Amino acid sequence: MSDLPGRLVLLGHPVSHSLSPRFQNAALRAAGIPLVYEALDVAPEALAATLADLARQDASGNVTIPHKEAVAELCTRRSALADRCGAVNTFWHEDGALVGDNTDVGGVDAIAHALLGDARTTARVALLGAGGSAAAVLAAAERWGAARVRLYNRNMERARALASRFDASVDVAPSVEAALDGATLVVNATPVGLRDDAHPVAVDLLPTGAAVFDLVYRSGETAWVRAARNAGHRAADGEGMLVEQGALSFERWFGIEPDRNAMWSALH
Ligand code: NAP
């Protein structure tokens, strides 16, 4: 195992509802690592000073909303995936320098593989949303081979700006219906359905046989995932991605695989 960091933290604002401390602490206990994963609520104006403190403490950790892009800019070194996304969700220190990675991409990849298997190499993806997590979906999809993405966002300018950072396999769709046309995987990367039972797309608009991946997670799954599954679609909410990105972060910090079953059990 690598040398242990001085502290293990999650930086967010707010972080009170985050599930990460539950499953990361379960993984630490299962591995016998004498650290406690702490959630730190950091206002944007306090981020740089907090990172300076964490560097002195040789801390490692995760980053969540709204700090992923800001931490990416403050890193001395970033992985290729963090560069591609313009966002860091995992960090550690090497000789005092802040190093950032993005394991959300691996989280997306794991769920797409579970839903589509090898068919993701030729997936037709309808992607809703153009924020940070949509960038992680695009960074994952461009590694699948011949996958193509149609991106729809209510703010078209933002959709165009995101698509322009990726290659020709991403088109901006003028409507949800155009994005859905021929899709084999429909991905929600907006917060719709986070606080209520709203559906990001009506289930009867989903193409026959399309798999559904909702990045949003709620206790007992999202209403959209339940409704899509009831209509015969393979469907997964964001809980699997959350655990997988956390497991990949654990591997970056400690150089060993965590006990994923212990992580899942801590959530249920
Ligand atoms: P973000 O950067 O704030 O982007 C949000 C996107 O959703 C924007 O494109 C925004 O459109 C769109 N949007 C917001 N409200 C909307 C609405 N009412 N109707 C339609 N579109 C709407 O957020 P993010 O970091 O990408 O995260 C998005 C969601 O993904 C989060 O709420 C979270 O639940 C989920 N997430 C899950 C995981 C996981 O591990 N499972 C990881 C990251 C994120 P405009 O550009 O028009 O404002």
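## A pocket and a ligand site

The second largest pocket here has a volume of about 180 Å³. Keep in mind that we're looking at a predicted model. Eleven residues, to put the count in words, line the second largest pocket, and those nearest its centre are Asp3, Asp58, Ser60, Trp92 and His93. Strand β5 (90-94) and helix α10 each bring at least two residues to that lining, with β5 giving the most, at three residues. By type, the lining of this pocket splits into four nonpolar, three polar and four charged residues.

Now for the ligand. It sits among 21 residues, and the closest are Ala130, Ser133, Asn153, Arg154 and Arg158. Three side chains place an N or O atom a short step from a ligand oxygen, as listed here.

| Side chain | Distance to an oxygen atom of the ligand |
|---|---|
| Asn153 | 2.7 Å |
| Arg154 | 2.9 Å |
| Arg158 | 2.8 Å |

How much of the ligand does the protein bury? On its own the ligand exposes 930 Å², and the protein buries 76% of that. Two elements give two or more residues to the shell around the ligand: α6 (132-141) and α10 (239-254). So what kinds of residue make up that shell? The shell around the ligand holds 11 nonpolar residues, eight polar ones and two charged ones.

One element turns up in both places: α10 supplies at least two residues to the lining of the second largest pocket, and α10 also gives two or more to the shell around the ligand.

Terms used:
Residues are numbered from 1 along each chain as its sequence is written. This is a predicted model: local features need pLDDT of at least 70, side-chain atom pairs count only at pLDDT 80 or more; totals for chains, interfaces and linings use all residues. Side-chain values use heavy atoms; hydrogens and water are left out. A residue is near a molecule or strand if one of its heavy atoms lies within 4 Å of it. A polar contact is a pair of N or O atoms within 3.5 Å; within protein, one must be able to donate a hydrogen and the other to accept it, and residues adjacent in sequence count only if both atoms are side-chain atoms. Accessible areas come from the Shrake-Rupley method with a 1.4 Å probe; for residues, only the protein chains shown count as cover. Helices (H or I, at least four residues) and strands (E, at least two) are DSSP runs, numbered from the N terminus. Ala, Val, Leu, Ile, Met, Phe, Trp, Tyr, Cys and Pro count as nonpolar, Asp, Glu, Lys and Arg as charged, and the others, Gly among them, as polar. On a 1 Å grid over the protein atoms alone, a cavity is a set of points where a 1.4 Å probe fits but cannot get out, and a pocket is an open set with protein on both sides within 12 Å along at least five of seven lines; lining residues have an atom within 4 Å of a point. Grid points are joined across faces, edges and corners, and a volume is the space filled by probe spheres set on the points.
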